Amino acid sequence: MYKIFNTVDEVSRYTAQRLFDQICAKPEAILGLATGSTMEPVYAQLMQYLEQDPVDVSRLTTFNLDEYIGLGPEHSQSYCYYMYQHLFNQLHIPGERVHLPDGTAENAEIACQAYSEAIQAMGGMDLQLLGIGTNGHIGFNEPQTPFDSRTHVIELTEQTRIDNGRFFTDQREVPTHAITMGIQEILEAKEVILVATGSKKAEIMAELYRCEVSEALPASVLKIHSNATIVMDKEAAALL
Ligand code: GLP
């Protein structure tokens, strides 16, 4: 379940290879995708594999994990913008097969319901990619989010807003709420890969390694998943 590599590059190659293998094995796969700095080299590596060995991606479907409420696709810190920048501008999946929660929906609750229904209609994810927050969140499922949650609106914790403030010019610009896929939807994925790199993740990874399954540490839910891999570089694994 745990895989530790020396470098970020090795972590990214391993993860991208798993994604690539999934796409080759099942061209109509449903992929759950994540954002964050951890995923940037993973997507770059995946594009390299696809350039070396082109595969038909026109039948893939993707669902992104989360989006800030209030940020539209044109906002440089929206996850929609991130995904086009780092993946979708190069990986040409038909637009109607690309799903991202709508951070500017007039009624966020209705948008969540529709997103969740779309995931269920597709039968859930074949492969779900996850990063992790320094407080153990997955997607934007903050500590104490019920394990049976589906896509919902969440209030971001102060810790998350501070952590993610590095991407905004001013801390006050960091949105207070987000839409996130729920833990139940993550748990229903056939395969899950959580990726953590860098020394900033060392403490939470040690805690995750040792803890019991508990809503206090959302990523601990992966301990009850039958096919979850936790991939780390040696910096993130330093306190294990
Ligand atoms: C955000 C996202 C998470 C992501 C986390 C870690 O809070 N909502 O999905 O896993 O950041 O990001 P990074 O990879 O930049 O450390």
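Reader: In this predicted model, is N135 buried, partly exposed or exposed?

Author: N135 is found in the loop between β6 and β7, and UniProt, in an unreviewed entry, includes N135 under the feature "active site". A residue needs 20 or more other C-beta atoms within 10 Å to be buried, and 12 or fewer to be exposed. Because N135 has 18 such atoms within 10 Å, the residue counts as partly exposed.

Reader: Which residues are in contact with N135, leaving aside its neighbours within four places in sequence?

Author: One of the contacts, E142, is itself listed by UniProt (unreviewed entry) under "active site", and another, I204, is a buried residue of helix α7. Leaving aside the neighbours within four places in sequence, the full set for N135 is E142, P143, T157, Q159, T160 and I204.

Reader: Is H137 buried or exposed, and which residues does H137 touch?

Author: H137 also carries the "active site" annotation of the unreviewed UniProt entry, and H137 lies in the loop between β6 and β7. With 26 C-beta neighbours inside 10 Å, where 20 are enough, H137 counts as buried. Not counting residues up to four places away in sequence, H137 touches E142, T160 and P218.

Reader: Where do the buried residues of α7 sit around the helix axis, and which elements do they pack against?

Author: Helix α7 spans residues 202-210, and its buried residues are I204, M205 and L208. They cover an arc of only 100° around the axis, which puts them on the same side of α7. The elements against which these buried residues pack are β9 (191-196) and β10 (228-233).

Reader: What is the order of the seven strands in the open sheet, and which of them stand at the edges?

Author: The pairing in this sheet is parallel, and the order of its seven strands is β1-β10-β9-β6-β2-β3-β5. Two of these strands have a single partner each, so one side of each is left without a neighbour in the sheet, and these edge strands are β1 (2-5) and β5 (98-99).

Reader: In β9, which residue is the bridge partner of L130?

Author: Strand β6 covers residues 127-130 and pairs with β9 in the parallel sense over four bridges. Within β9, the bridge partner of L130 is L194.

Reader: How is the open sheet of three strands arranged, and by what angle are its neighbouring strands turned on average?

Author: This sheet has the order β4-β8-β7, with antiparallel pairing, and its edge strands are β4 (66-68) and β7 (152-155), each of which pairs on one side only. With direction ignored, neighbouring strands of the sheet are turned against each other by an average of 25°.

Reader: Which helix packs on this sheet of three strands, and what angle does its direction make with that of β7?

Author: The helix concerned is α4 (residues 108-121), which touches both β7 and β8 as it packs on the sheet. The direction of α4 makes with that of β7 an angle of about 125°.

Reader: In β8, what is the bridge partner of D66?

Author: D66 is among the positions that the unreviewed UniProt entry marks as "active site". β4 and strand β8 (residues 177-180) pair in the antiparallel sense over three bridges. In β8, the bridge partner of D66 is T180.

Reader: Why do the buried residues of α3 line one face of the helix, and which elements do they pack against?

Author: In helix α3 (residues 79-88), the buried residues are Y79, C80, Y82, M83, H86 and L87. Seen down the axis of α3, these residues fall within an arc of 150°, so they line one face of the helix. They pack against β2 (30-33), α2 (39-52), β3 (61-64) and β4.

Reader: What separation do the C-alpha atoms of K190 and R172 have?

Author: K190 lies in the loop between α6 (183-187) and β9, where K190 is partly exposed, with 16 other C-beta atoms within 10 Å. Leaving aside neighbours within four places in sequence, K190 is in contact with M125, D126 and N227. R172 is 18 residues from K190 along the chain, and their C-alpha atoms are separated by 38 Å.

Reader: What is the radius of gyration of the protein, and what does the globule rule give for 240 residues?

Author: The protein has seven helices and ten strands, and 41% of its 240 residues count as buried. The protein is as compact as a globular protein of that length, because the globule rule gives 18 Å and the radius of gyration is close to that, at 17 Å.

Terms used: Residues numbered from 1 in each chain as written. Predicted model: local features only at pLDDT ≥ 70, side-chain atom pairs only at ≥ 80, totals over all residues. Helix = DSSP H or I, 4+ residues; strand = E, 2+ residues; numbered from the N terminus. Arc of directions from axis to C-beta. Contact = placed C-beta atoms within 7 Å. Pairing = 2+ DSSP bridges. Axes fitted to C-alpha atoms, helices over the stretch in contact; angles between N-to-C directions. Rg over C-alpha atoms; globule rule 2.2 N^0.38 Å. UniProt positions renumbered as here; feature names shortened; annotations may be inferred.
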